[in-house]
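Please read the following account alongside the sequence and the coordinates, taking each part in turn.

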Amino acid sequence: MKRWLGRLNWRGAASIAAFVLLWTLLARLKAPGFAEIPDPAAVARAFWDKYLPSAAYWRSWAVSFERVGYGFLASQLLGIPLGLLLGTRRLFHDLVFPLVELLRPIPPLAWVPLSILFWPTAELSIVFITFIGPFFIIVINVHDAVRGIRKEHLWLARSLGASPAYIFRRVILPSVIPAVAVGMTLGIAVAWNVVIAAEMIASDAGLGRLTWEGYVSHTGTTVLIGMISIGLAGYLSTLIVTYAERKMMPWQR
Amino acid sequence: MAAVSVSGVRKRYAKDVLQDLSFELEAGALTVLMGPSGCGKTTLACMLAGYVAPDAGTLVLDGRPITAAGRERLMVFQETALWPWMTVLDNVMFGPRAAGTMSAGEARRKALELLDKFGLAGFRDRYPGQLSGGMRRRVELAQALINNPRLMILDEPFRGLDVMTRGLMQEYYLKLFAESRMTTLFITSELEEALVMGERVLVMDGAPARIARSIDVGLPFPRTPQVLASERYLEIKRVLMAALYLPGHRIEGGSA
């Protein structure tokens, strides 16, 4: 307990407290723009009374997490091999890379209409849109990382008699791990961005939908609880990804 | 007997770097290669290692032409090439495991033996990023020596080390060399280092470069402080300096 207290970031805690205080002040004074915005106490009360015991609220969490989980996982499982192929196979690169570069600038949300037309269920189309954002990020990161491998690292392995397959496994794969980590950090944030927007447009469940419903029904507390929940969910996901990254790179402490 | 013979080598990138470059390395000798910066020393080293092909000319080791990278010719690079994601032990074991010349147990035993000899026994489970520059260089030597190469190419290996470590590493390599008499090409841009290490010094000139001089150092080993203060040392230093800084010497970018 004492150790935990010692490691607590006091400055950060103070800044959050100051933020809540300012918010309270502005909401109580009905400052311009704050007419319909509830103060933190009202939000906390609504959370405690209505949301904390509500199964529907926690289902929103589960639904959004599941979409991000599937979309993100699929983006890594397909994107990392694609990036490796693009980086290592000349012919494949020449064939496929221009296509990647054409599709990459299309924002994930621009995929929404096509995705709804294409996929048989709304659920699949949302997972697909959540997949698109992190997918291109990881592909480009891994691709660039393969191209940026120091030539001495490859030369040395060749001199020591390693076969191409051995070099791939022992030199190329570990070389791109730091880039995979960066791609994952960026990707998980984008996945949350996209899933929330997609839920507002095209879903009847999830934290994005919850927030949107708060707006439609003029319930300020719901909007704020939705937003804070999304923030916490994103933060939690980042913690998980950061933990995975540490495990992936034992040589970087 | 010549172990390495290089003849008529030419290499052109944006402009001619090497032209009609020829020399021989005696088997079991430590030869130093010097020359102005940018004159193509590293390019030449990469050709001997088999990473870069010449536009013309031939490079031969023990009667066999050099056409690709191979385990009999190993290079220590200017910047460390140790793989940062492998422990010291895994880095050293890489060669025999990759080439399948030793069993895992045998490679491990041999690697530990070398690490012990190089004063790195306690560091086998560290990662290269956790070692000092001098230690990394010793790991690289172990990584090469476990394969018993026929030719060692060291490309300014001790550059960037502090003066103390540098002196120790020079002494270290000389001791190693005295034991193994492994044919060595040692590239440096430091005159003092050339005279501490070399039995013979090859001097390249500038753009496009050839071997301009071959100078027998003729100083006894070990090169003790007394040796390095002798008449002969001063004389050979003068000769080498004259070869390097000859008036009208074609230095890259210069018009002299």
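What follows is a walk through a predicted model, from a helix to a single residue and then to a contact between chains.

A starting point is helix 9 of chain A, which runs over residues 164–202 and so comprises 39 residues. The C-alpha atoms at its two ends are only 47 Å apart, whereas a straight helix would reach 57 Å at 1.5 Å a residue. Along helix 9 of chain A there is also a kink of about 35°, placed at I177(A), shortly before the proline P178(A).

Elsewhere in chain A, W61(A) belongs to helix 4, which covers residues 55–88. Is W61(A) buried, exposed or partly exposed? W61(A) counts as partly exposed because 17 C-beta neighbours lie inside 10 Å, and burial would call for 20 or more. If neighbours within four places in sequence are left aside, the residues in contact with W61(A) are L207(A), S229(A) and A233(A). Of these, S229(A) is 168 residues away from W61(A) in sequence, yet the two C-alpha atoms are 8.0 Å apart in space.

The last part concerns the two chains together, where 20 residues of chain B are in contact with 14 residues of chain A. On the side of chain B that touches chain A, the elements giving two or more residues are strand 6 (73–76) and helix 2 (88–99) of chain B, and helix 2 of chain B provides the largest share, 4 residues. Sorted by class, that side of chain B has 14 nonpolar, 4 polar and 2 charged residues.

Methods
Residues numbered from 1 in each chain as written. Chains lettered and ligands numbered in written order. Predicted model: local features only at pLDDT ≥ 70, side-chain atom pairs only at ≥ 80, totals over all residues. Expected span 1.5 Å × (residues − 1). Bend = angle between axes of the 7 residues up to and from the residue. Buried ≥ 20, exposed ≤ 12 C-beta atoms within 10 Å, placed from the backbone. Contact = placed C-beta atoms within 7 Å. Nonpolar A, V, L, I, M, F, W, Y, C, P; charged D, E, K, R; others polar.
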